[in-house]
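Thanks for coming, everyone. I'd like to walk you through one structure today, so have a look at the screen before I start talking.

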Amino acid sequence: MGHAKTSYVCLSCRASYKQPYDRDRQRICPRCAQPLIHVGSAFAAPRRRDTAAWRTLSVLLHAGVRFHKSCCGGPGYRPRTLREVRERMTFARRSGEPFARALVRHF
């Protein structure tokens, strides 16, 4: 029986790939040859033309947020728009909460 597949993304190409997880192997984008980012098995990629969604995803990934399944099924709350990201950034600044935690907090 094979290993379950997980998602990897290339932000510059706006592409997502499902591949078996291997901690010791660096995945490379077949389009641009840049390293792929491991995002988790509960990830659903936005459409390639949806630049705002990819920009939002970029902010999440650079903050260290990933899409791994939790004990109850999905990864939990993740902002879907840049407006939601801005609101979370403002909340984090005002409350002193770490940015990555404010992004995934369910209000």
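**A pocket, a sheet and two cores**

Let's begin with the largest pocket, which holds about 330 Å³ of space. There are 16 residues lining that pocket, and the closest to its centre are Ala-44, Pro-46, Phe-67, Pro-79 and Arg-80. If you sort the lining by class, you get 10 nonpolar residues, two polar ones and four charged ones. Before I go any further, please keep in mind that this is a predicted model.

Okay, let's step back to the whole chain. We have three helices and three strands here. Starting at the N terminus, the order is β-β-β-α-α-α. Along the principal axes, the C-alpha atoms fill a box of roughly 45 × 30 × 25 Å. The chain has 107 residues, and 30% of them count as buried. Now take the contacts with a separation of 6 or more: residues 24 or more positions apart account for 47% of those.

On to the strands. How many bridges join β1 to β2? Six, and the two strands run antiparallel. Strand β1 covers residues 5–10, and β2 covers residues 15–20. To give you one pairing you can find on the screen, Lys-5 stands opposite Pro-20 in β2. β1 also pairs with β3, again in the antiparallel sense, over three bridges.

So what about burial in these strands? Five of the six residues in β1 are buried, so call that strand mostly covered. β2 has two faces to look at: Ala-15, Tyr-17 and Gln-19 sit on the covered one, while Ser-16, Lys-18 and Pro-20 make up the uncovered one.

A residue I'd zoom in on is Ser-7, which is found in strand β1. Is Ser-7 buried or exposed? Its relative accessibility is 1%, and with the cut-off for buried at under 20%, Ser-7 counts as buried. Look at what surrounds this serine. Leaving out residues up to four places away in sequence, Ser-7 touches Ser-16, Tyr-17, Lys-18, Ile-37, His-38, Val-39, Gly-40, Ser-41 and Phe-43. One of those, Gly-40, is the bridge partner of Ser-7 in β3.

Now for a bit of backbone geometry. Most residues other than glycine have a negative phi. Which makes it worth pointing at Arg-14, whose phi is positive, near 55°. Where is Arg-14? In the loop between β1 and β2, and that hairpin has four residues between its strands. Arg-14 has 29% relative accessibility, so that arginine counts as partly exposed.

Ala-33 is another non-glycine residue with a positive phi, near 65° in this case. You'll find Ala-33 in the loop between β2 and β3, the strand at 37–40. With a relative accessible area of 52%, Ala-33 is exposed. And for a sense of distance, Ala-33 and Pro-79 are 46 residues apart in sequence and 29 Å apart in space, going C-alpha to C-alpha.

Compare that with a pair involving Ala-45, which is found in the loop between β3 and α1. Ala-45 and Ser-16 are 29 residues apart along the chain, but their C-alpha atoms are separated by 6.4 Å. Ala-45 itself is partly exposed, at 39% relative accessible area.

Last stop, the inside. Which residues make up the largest nonpolar core? There are 11 of them: Val-9, Val-39, Phe-43, Trp-54, Leu-57, Leu-60, Leu-61, Val-65, Phe-67, Val-85 and Leu-103. Helix α1, residues 51–62, gives the most to this core, with four residues. Apart from this core lies another one, of seven residues, and Tyr-8, Cys-10, Cys-29 and Leu-36 are among them.

If you want one core residue to click on, try Leu-60. Setting aside neighbours within four places in sequence, Leu-60 is in contact with Val-65, Phe-67, Arg-78, Pro-79 and Leu-103. Two names there should ring a bell: Phe-67 and Pro-79 are also among the residues closest to the centre of the largest pocket. And that brings us back to where we began, so let's open it up for discussion.

Key. Residues numbered from 1 in each chain as written. Predicted model: local features only at pLDDT ≥ 70, side-chain atom pairs only at ≥ 80, totals over all residues. Heavy atoms only, no water. Buried < 20%, exposed > 50% of the residue type's maximum accessible area, 1.4 Å probe, protein only. Pairing = 2+ DSSP bridges. Core = buried A, V, L, I, M, F, W, Y, C linked by side-chain atoms within 4.5 Å. Contact = heavy atoms within 4.5 Å. 1 Å grid on protein atoms, 1.4 Å probe; cavity = no way out; pocket = protein on both sides within 12 Å on 5 of 7 lines; lining within 4 Å. Points joined across faces, edges and corners; volume = space filled by probe spheres on them. Nonpolar A, V, L, I, M, F, W, Y, C, P; charged D, E, K, R; others polar.
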